[in-house]
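I opened this notebook to record what I looked up in the structure. The entries follow the order in which I consulted it.

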Amino acid sequence: PASLPQSAPVLSCPPPPESLGDHGRDAWIDAMPKMIDAGYFTQLDMRTFERFCRAHDEVAKCDRVLTEEGEHSVAESGYICQHPAVNQRFKWLDIIRRYEDAFWLNPTARSGKQIAKPNQQKVASRQRA
C-alpha cells in the first residue's frame with residue numbers, strides 16, 4: 001500500500017496571496033494563525049487552504065450582486081423568481097463548511113480530537129475518531 005505524503009508543519013503565517021480579495025484575505029489572516037498554533041497545518045495544506053479563502057471571496061461576490069439586484073424579481077407572468085446568486089451563495093457556503101470540517105475550524109470537527117500544543121513538534125492526526 002502506498003504511504004501518505006509527509007509534509008513539514010507550517011510554523012509561521014505566510015502573507016496571503018495578492019490575488020485574494022478582501023474577504024479571502026480576512027479568512028487567511030483569521031484562520032491560518034489558529035491552525036498553525038494548534039500544530040496541525042502543513043505545507044500540503046496550503047493550496048487547499050487558499051481555495052477555502054477564495055470561497056469566501058465568492059460568497060462576497062454573491063452578496064454584492066444580491067444587494068444591488070435583490071434576491072427576487074417578478075417575471076412578466078407574475079411569478080416571483082429567485083435570483084441565481086441566491087443558490088450560488090448557498091453552494092459557496094456549503095463549500096466553506098466542508099473546508100471548515102477539513103481544517104477543524106468548527107466545534108463539531110474538533111470534538112474528540114487531540115491537537116498538538118504549539119511547542120510540540122508532533123503534528124496531530126486528522127483521522128476521524
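**Entry 1: aromatic residues.** I began with the aromatic side chains and found that Trp-28, Phe-41, Phe-49, Phe-52, Tyr-99 and Phe-103 form one aromatic cluster. I note at the outset that the model is predicted. My search of the whole structure for aromatic pairs returned 8. I then took up one of the pairs, Phe-41 with Phe-103, which is tilted, with 6.0 Å from centre to centre and 50° between the planes. I classed the pair as tilted because the angle falls neither under 30 degrees, which would count as stacked, nor over 60, which would count as edge-to-face.

I next located the two partners in the chain. Phe-41 sits in the loop between helix H1 (22-38) and H2, and Phe-103 in the loop between helix H3 (84-102) and helix H4 (107-110). The two are 62 residues apart, and I recorded the pair as a link between distant parts of the chain. Are Phe-41 and Phe-103 buried or exposed? I found both Phe-41 and Phe-103 to be buried.

**Entry 2: a charge over a ring.** I looked at Trp-92 and found Lys-91 over the face of its ring, 4.6 Å from the ring centre.

**Entry 3: Asp-57.** I traced Asp-57 to helix H2, which spans residues 46-69. Which side chain of opposite charge is nearest to Asp-57, and how far away is it? I identified Arg-54, at 5.1 Å. A salt bridge requires a side-chain nitrogen within 4 Å of a carboxyl oxygen, so I listed Asp-57 as buried without a salt bridge. Leaving aside residues up to four places away in sequence, I listed its contacts as Leu-20, Gly-21, Asp-22, His-23 and Gly-24.

**Entry 4: Ser-19.** I placed Ser-19 in the segment before H1. I entered Ser-19 as exposed because its relative accessible area is 53%. With residues up to four places away in sequence excluded, I found that Ser-19 touches Glu-50 and Arg-54. Ser-19 and Arg-54 are 35 residues apart along the chain, and I noted 9.2 Å between their C-alpha atoms.

**Entry 5: the chain as a whole.** I counted 4 helices and 2 strands, and I wrote down their order from the N terminus as α-α-β-β-α-α. Of the 129 residues in the chain, I recorded 30% as buried. Among contacts with a separation of 6 or more, I found that 57% come from residues 24 or more positions apart. I closed with the accessible surface of the chain, about 9000 Å², of which carbon and sulfur atoms hold 53%.

Conventions
Residues numbered from 1 in each chain as written. Predicted model: local features only at pLDDT ≥ 70, side-chain atom pairs only at ≥ 80, totals over all residues. Heavy atoms only, no water. Buried < 20%, exposed > 50% of the residue type's maximum accessible area, 1.4 Å probe, protein only. Lys, Arg positive; Asp, Glu negative; His and termini not counted. Contact = heavy atoms within 4.5 Å. Phe/Tyr/Trp six-rings, centres within 6.5 Å; stacked < 30°, edge-to-face > 60°. Lys NZ or Arg CZ within 6 Å of the ring centre and 35° of its normal. Areas by Shrake-Rupley, 256 points an atom, 1.4 Å probe, with all protein chains shown as cover.
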